[in-house]
Amino acid sequence: MLILGIESSCDETAAAVVEDGRRVLSNVIASQVEEHRKYGGVVPEIASRRHAEAISGVVRRALEEAGVTLQDIDGIAVTYAPGLIGALLVGVSFAKGLALATGKPLIPVHHLRSHIAANYLAHAELKPPFLCLVVSGGHSHIVQVKDYTQFEVIGRTRDDAAGECYDKAARAMGMPYPGGVALDKLAHEGDPTAYPLPRPRVEGSEYDFSFSGLKTAVINRLHNAQQKGEEVNKADLCASFQHTVTELLVGNTVKAATHLNAHTIVLAGGVSANSGLRAGMEKACGERGFALYAPPLSLCGDNGAMVAAQGYYELLAGHTAGMELNAVASLPITE
């Protein structure tokens with residue numbers, strides 16, 4: 001079964017063709033990173049316009065590289081939630097047009113579900129149930145994946161997402177957008193014990209996260225040093241920050257896996273590319289006997305292949321939509 005996947009939730013216009021939810025035939029991405037870098041972050045209005053300009057060409061190229069036509073496609077999957085509403089609308093509208101013109105099933109896909117599905121493309125043996133840590137610029141969730149379309153949120157951030165915290169801390173240190181990548185790189189040159197940082201906990205919710213106070217602590221340390229005329233060792237601060245975030249993410253996930261008697265832990269989302277998180281999770285899983293899976297770096301960020309992969313399982317479950325489908329800016333993974 002061939003699924004065309006379309007992604008436009010943030011600043012990547014992407015399309016891909018995937019066979020049977022596991023084999024990538026094409027995966028085309030048009031990135032807007034360079035344009036948004038000058039603003040220090042994604043500008044929603046610009047992102048929406050660039051999606052509208054790029055989507056037709058991206059989808060056409062995805063079909064060409066896969067060596068198929070729209071008539072060969074068995075379903076059209078599209079990210080409809082969550083994300084930037086204007087950006088989502090471009091992808092949803094285009095997918096609806098294709099579905100209407102071809103008579104192919106229209107498959108609505110939740111963005112976080114598709115990030116989890118990126119692992120199916122790289123690990124043929126991976127099947128639910130498992131526990132997944134989904135970490136990105138907008139989300140930090142511990143999700144129990146009971147089946148391909150059945151999910152339960154075990155823990156989540158109460159304020160900032162881990163990726164957002166990375167980018168804001170990096171910006172405070174004068175690093176270019178996207179800051180998380182630059183911070184990760186510089187952290188390798190620093191001492192992770194140089195700057196003691198808070199490890200926020202959510203009282204009464206042992207698997208939830210809170211990163212806002214950690215971000216504020218980094219900004220305050222920078223401001224205090226500036227006011228006193230002191231110099232901050234950025235490599236050390238990056239290393240200390242990354243070590244703290246990793247400790248929080250890994251600690252809560254492993255604790256949840258132990259409590260739920262899970263045997264497999266999966267990483268997903270843009271921050272799953274972070275070297276500190278990968279190393280920390282590998283160490284923890286190795287010590288406790290958990291099997292660990294993570295997507296290749298090429299599939300950590302937003303892409304169409306992960307949408308097509310999840311779309312395959314949504315179609316098998318009968319989850320399709322009509323022309324009433326609309327974009328949704330915020331929506332739980334369970335809906």
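Two strands count as paired here if DSSP finds at least two bridges between them, and I kept that criterion in mind while reading this predicted model.

**Entry 1, the sheet.** I looked up the pairing of β1 (residues 2-7) with β2 (residues 12-19) and found it antiparallel, over 6 bridges. Within these strands I noted that I3 stands opposite V18 in β2. I then followed the wider arrangement, which is an open sheet of 5 strands in the order β3-β2-β1-β4-β5, with mixed pairing. Because β3 (23-31) and β5 (106-110) stand at the edges with a single partner strand each, one side of each is left without a neighbour in the sheet. I also recorded the turn between neighbouring strands of this sheet, which is 20 degrees on average with direction ignored.

**Entry 2, helices on the sheet.** I found that helix α2 (residues 44-66) packs on the sheet, where it touches β1, β2 and β3, and that its direction makes about 25 degrees with that of β2. Helix α4 (residues 111-122) lies across β1, β2, β3, β4 (75-81) and β5, and I noted that it runs at about 95 degrees to β5.

**Entry 3, helix α9.** I checked the span of α9 (residues 275-288), whose 14 residues reach 20 Å from first C-alpha to last, close to the 20 Å expected at 1.5 Å a residue. At its start, a side-chain oxygen of N274 comes to within 3.0 Å of the backbone nitrogen of G276, and G276 is itself one of the buried residues of α9, along with L277, R278, M281, A284 and C285. I listed what covers these buried residues, including α6 (179-187), α8 (234-260) and β9 (264-268). After α9 comes G289, for which I noted a positive phi near 80 degrees.

Key:
Residues numbered from 1 in each chain as written. Predicted model: local features only at pLDDT ≥ 70, side-chain atom pairs only at ≥ 80, totals over all residues. Heavy atoms only, no water. Helix = DSSP H or I, 4+ residues; strand = E, 2+ residues; numbered from the N terminus. Axes fitted to C-alpha atoms, helices over the stretch in contact; angles between N-to-C directions. Contact = heavy atoms within 4.5 Å. Expected span 1.5 Å × (residues − 1). Buried < 20%, exposed > 50% of the residue type's maximum accessible area, 1.4 Å probe, protein only. Polar contact = N/O pair within 3.5 Å; in protein donor to acceptor, adjacent residues only side chain to side chain.
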